[in-house]
Amino acid sequence: MKAVSVVLASDYRGIKGLAVAVKSAIENRDCPLEFFIIEREIPASEKQSLELNWRKNYPDLPIQWLPVAPNKYSHLRKWRGGDMVYARLEIDKISGLKRCIYIDIDVVVNSGLKELFETDLDGKVIGAVEEYPGKMNSGVLLIDVVRWRQEKLSEKILESCYKNGLAGDQDGF
């Protein structure tokens, strides 16, 4: 089986959550995984330390660090004290990525990701859990990245956030 692509986004302030989210996915894996971490200002020494820890249980773990410019989202409304919530909108820039699971850094993975990854999106671009009518939880998303790009969702969501002054990209979805 091809590896399940997992995307996370963090800055240095979220490094502990990032460490736990990735570690929990590794420890509960039921298939090969590959990680794409959209990051801002995480020192190289910290990345190396995280990788060493994660690779204790998964020596050949593919990890790609994808930097975001320091002030890229600073002009948008902050969510819970930060603007890294918008960084997930960078998924369209990950070369070759066709489908992925996006996981927030405050998520602990308690089971394998294979079944979720193979879920039929039934023609939709995003699969998510509905928190309450009309609102989805964007902490775990199954994304058809090909369609995301075709429909230019990153641009549309950002435009909605600018236009409506939304608190975080979740409202933009």
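This talk walks through one predicted model, starting with its sheet and moving on to its cores, its helices and a few single residues.

Let me begin with the sheet, since the other elements can then be placed around it. The model has an open sheet of 6 strands, and if you read across it the order is 3-2-1-4-6-5, with mixed pairing. At the edges you will find strand 3, residues 63–67, and strand 5, residues 126–132, each of which pairs on one side only. From one strand to the next, the twist averages 25°.

Now let us go to the middle of that order, where strand 1, residues 4–11, pairs with strand 4, residues 99–103, in the parallel sense, over 2 bridges. Two residue pairs help to locate this pairing on your screen: valine 6 stands opposite isoleucine 101 of strand 4, and valine 7 stands opposite tyrosine 102 of that strand. On its other side, strand 4 pairs with strand 6, here in the antiparallel sense and over 5 bridges, with isoleucine 103 standing opposite valine 140 of strand 6. Is strand 4 mostly covered, or mostly open? It is mostly covered, given that 4 of its 5 residues are buried.

Continuing outwards, strand 6 is also joined to strand 5 by 5 bridges, and these two strands run antiparallel. In this pairing, valine 129 has asparagine 137 in strand 6 as its bridge partner. Strand 5 and strand 6 form a hairpin with 2 residues between them, and in the turn we find glycine 134, whose phi is positive at about 85°.

Let me turn to the nonpolar cores. The largest one has 29 residues, and the members that touch the most others are Val7, Ile38, Ile143 and Trp148. Several elements supply at least two residues each to this core, namely strand 1, strand 2 (33–40), strand 4, strand 6 (135–144), helix 4 (145–150) and helix 5 (153–164). Which of these gives the largest share? That is helix 5, with 4 residues. Apart from this core lies another, of 28 residues, and among its members are Val4, Val6, Leu33 and Leu50.

Valine 7 deserves a second look, as we have now met it both in the sheet, opposite tyrosine 102, and among the core members with the most neighbours in the core. If we leave aside residues within four places in sequence, its contacts are Phe36, Ile38, Ile91, Ile94, Leu97, Cys100, Ile101, Tyr102 and Ile103.

Next comes a pair of helices. Helix 1, residues 15–27, packs with helix 2, residues 44–54, at an angle of about 25°, and their axes are 10 Å apart. Because angles under 35 degrees count as roughly parallel, helix 1 is described as roughly parallel to helix 2. Their crossing is right-handed. On the helix 1 side the contact is made by Ile15, Leu18, Ala19, Val22, Lys23 and Ile26, and on the helix 2 side by Glu46, Leu50, Asn53 and Trp54.

I would like to finish with some individual residues, beginning with two that are buried. Leucine 141 is found in strand 6, and we call it buried because its relative accessible area is 0%. Its C-alpha atom is separated by 9.1 Å from that of aspartate 104, although the two residues are 37 residues apart along the chain. Aspartate 83, by contrast with that strand residue, is found in the loop between strand 3 and strand 4. Is aspartate 83 buried or exposed? It is buried, because its relative accessible area is 6%, and the cut-off for that word is under 20%. Between the C-alpha atoms of aspartate 83 and serine 10 the separation is 9.9 Å, with the two residues 73 residues apart along the chain.

The last two residues concern the backbone. Most residues other than glycine have a negative phi. Glutamate 41, which is not a glycine, has a positive phi of about 55°; this residue is found in the loop between strand 2 and helix 2, and it counts as exposed because its relative accessibility is 56%. Lysine 152, also a residue other than glycine, has a positive phi near 50°, and you can look for this lysine in the loop between helix 4 and helix 5.

Technical notes:
Residues are numbered from 1 along each chain as its sequence is written. This is a predicted model: local features need pLDDT of at least 70, side-chain atom pairs count only at pLDDT 80 or more; totals for chains, interfaces and linings use all residues. Side-chain values use heavy atoms; hydrogens and water are left out. Two strands pair if DSSP finds at least two bridges between them. Axes are lines fitted to C-alpha atoms, for helices over the stretch in contact, and angles run from 0 to 180 degrees between N-to-C directions. A nonpolar core is a set of buried Ala, Val, Leu, Ile, Met, Phe, Trp, Tyr and Cys residues joined through side-chain atoms within 4.5 Å. Buried means under 20% relative accessible area, exposed over 50%, partly exposed in between (1.4 Å probe, protein chains only). Contact means heavy atoms within 4.5 Å. Angles under 35 degrees count as roughly parallel, over 145 as roughly antiparallel, 65 to 115 as roughly perpendicular and the rest as oblique. A crossing is left-handed if the near helix is turned anticlockwise from the far one by less than a right angle, and right-handed if clockwise.
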